[in-house]
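Please look over the structure below with its helices and its charged side chains in mind. The briefing that follows takes these topics in turn.

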Amino acid sequence: MIEKIEILMSFPSGSAFNGNLNLMIYKQFIKFMKRISCFNLSEKCIACKERSFCRYYQITGENFSGYPGIFIHQELFAKRRFNAGEQHSLFFYLIGTCKDYEDYIMLFFKNLNQRLFNSLFYLKDYRSGMLLKKEISVQCFEVSSPIESASFSDCYNRMVSYYEEHYNINAATIEAESNLKEQYMIDWDSISFQTKRVKVNGFAGEVIDSISLDSRFIETGIGKFNYIGGGHIEIKNRDAC
């Protein structure tokens, strides 16, 4: 199962941010989780003997070496300026057993005391539900943001296997080899979290193969960078390929 939580906030006085707001909030959430759930704040994750029991280590996908189990949907082109009274929605995804940590999300927003990077905000609504699991047969789609390999099937299957092993989620893998066509490299600026600096470089392009994809992953994104906006999928009509 994958839970989707929508957070609706408003900016009564308007606001302007100097970066991608969703990513900025996610980094703050990760910092908050580190502070309240880490057993040994002075120890690096890789050297910590308690990491196998650590909630922070789990939800970050072993400190971002794997696939994080809680993340926020990231738009490729994010809005930075909001007029007075304008609203903004955030979408959290909680993979499998990470649903057990749902309460931390509300706790995080309460801990902000209605201040978001020095801007006043009001929490207007909180909704949650499960993503529908459905196998979608596709023949042509665009991977418009980076995945870690030009082999789409490898990226997809590694993610599914990790989710199954670490978050107890069931999903089918892709049996046939499926590669990006007319692939091109994407190199984003590195993204710094409190415990990890993530270098984002990978591949994008078209996939022109008859395969089945889990509808949940079409929404959340595919691959190692889905938690920061990678692996976006845009399904196309076969005639458009």
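Is E219 buried, partly exposed or exposed? At 30% relative accessibility, E219 counts as partly exposed. The model discussed here is a predicted one, and in it E219 shares a salt bridge with K4, the N to O distance being 2.7 Å.

**Salt bridges**

- The count of salt bridges comes to eight, among them the pair of K4 and E219.
- K4 belongs to strand β1 (residues 2–11) and E219 to helix α6 (residues 215–220), so this pair ties together parts that are 215 residues apart in sequence.
- Like its partner, K4 is partly exposed, with a relative accessible area of 26%.
- A salt bridge also joins R158 to E148, whose closest N and O atoms are 3.5 Å apart; R158 sits in helix α5, while E148 is found in the loop between β10 (141–147) and α5, 10 residues apart.
- R158 counts as partly exposed at 39% relative accessibility, and E148 counts as partly exposed at 22%.
- In the salt bridge of R216 with D214, the closest N and O atoms lie 2.7 Å apart; here R216 counts as buried at 3% relative accessibility, and D214 counts as buried at 0%.
- Salt bridges also link E142, E206 and K236 in a network.

**Helix α5**

- Helix α5 (residues 152–167) contains 16 residues and spans 22 Å from its first C-alpha to its last, which is close to the 22 Å expected at 1.5 Å a residue.
- The buried residues of α5 are F152, S153, C155, Y156, N157, M159, V160, Y162, Y163 and Y167, whereas R158, in the same helix, is partly exposed.
- Just after α5, N168 adopts a positive phi of about 55 degrees.

**Packing of α1 with α4**

- Helix α1 (residues 21–37) packs with helix α4 (residues 103–111) at an angle of about 105 degrees, their axes being 10 Å apart. Because angles of 65 to 115 degrees count as roughly perpendicular, α1 is roughly perpendicular to α4.
- On the α1 side, the contact is made by I25, Q28, F29, F32, M33, R35 and I36, which meet Y104, I105, L107, F108, F109 and N111 in α4.
- The residues of this contact divide into 10 nonpolar, two polar and one charged.

Conventions. Residues are numbered from 1 along each chain as its sequence is written. This is a predicted model: local features need pLDDT of at least 70, side-chain atom pairs count only at pLDDT 80 or more; totals for chains, interfaces and linings use all residues. Side-chain values use heavy atoms; hydrogens and water are left out. Helices (H or I, at least four residues) and strands (E, at least two) are DSSP runs, numbered from the N terminus. The expected span of a helix is 1.5 Å times one less than its number of residues. Buried means under 20% relative accessible area, exposed over 50%, partly exposed in between (1.4 Å probe, protein chains only). Axes are lines fitted to C-alpha atoms, for helices over the stretch in contact, and angles run from 0 to 180 degrees between N-to-C directions. Angles under 35 degrees count as roughly parallel, over 145 as roughly antiparallel, 65 to 115 as roughly perpendicular and the rest as oblique. Contact means heavy atoms within 4.5 Å. Ala, Val, Leu, Ile, Met, Phe, Trp, Tyr, Cys and Pro count as nonpolar, Asp, Glu, Lys and Arg as charged, and the others, Gly among them, as polar. A salt bridge is a side-chain nitrogen of Lys or Arg within 4 Å of a carboxyl oxygen of Asp or Glu.
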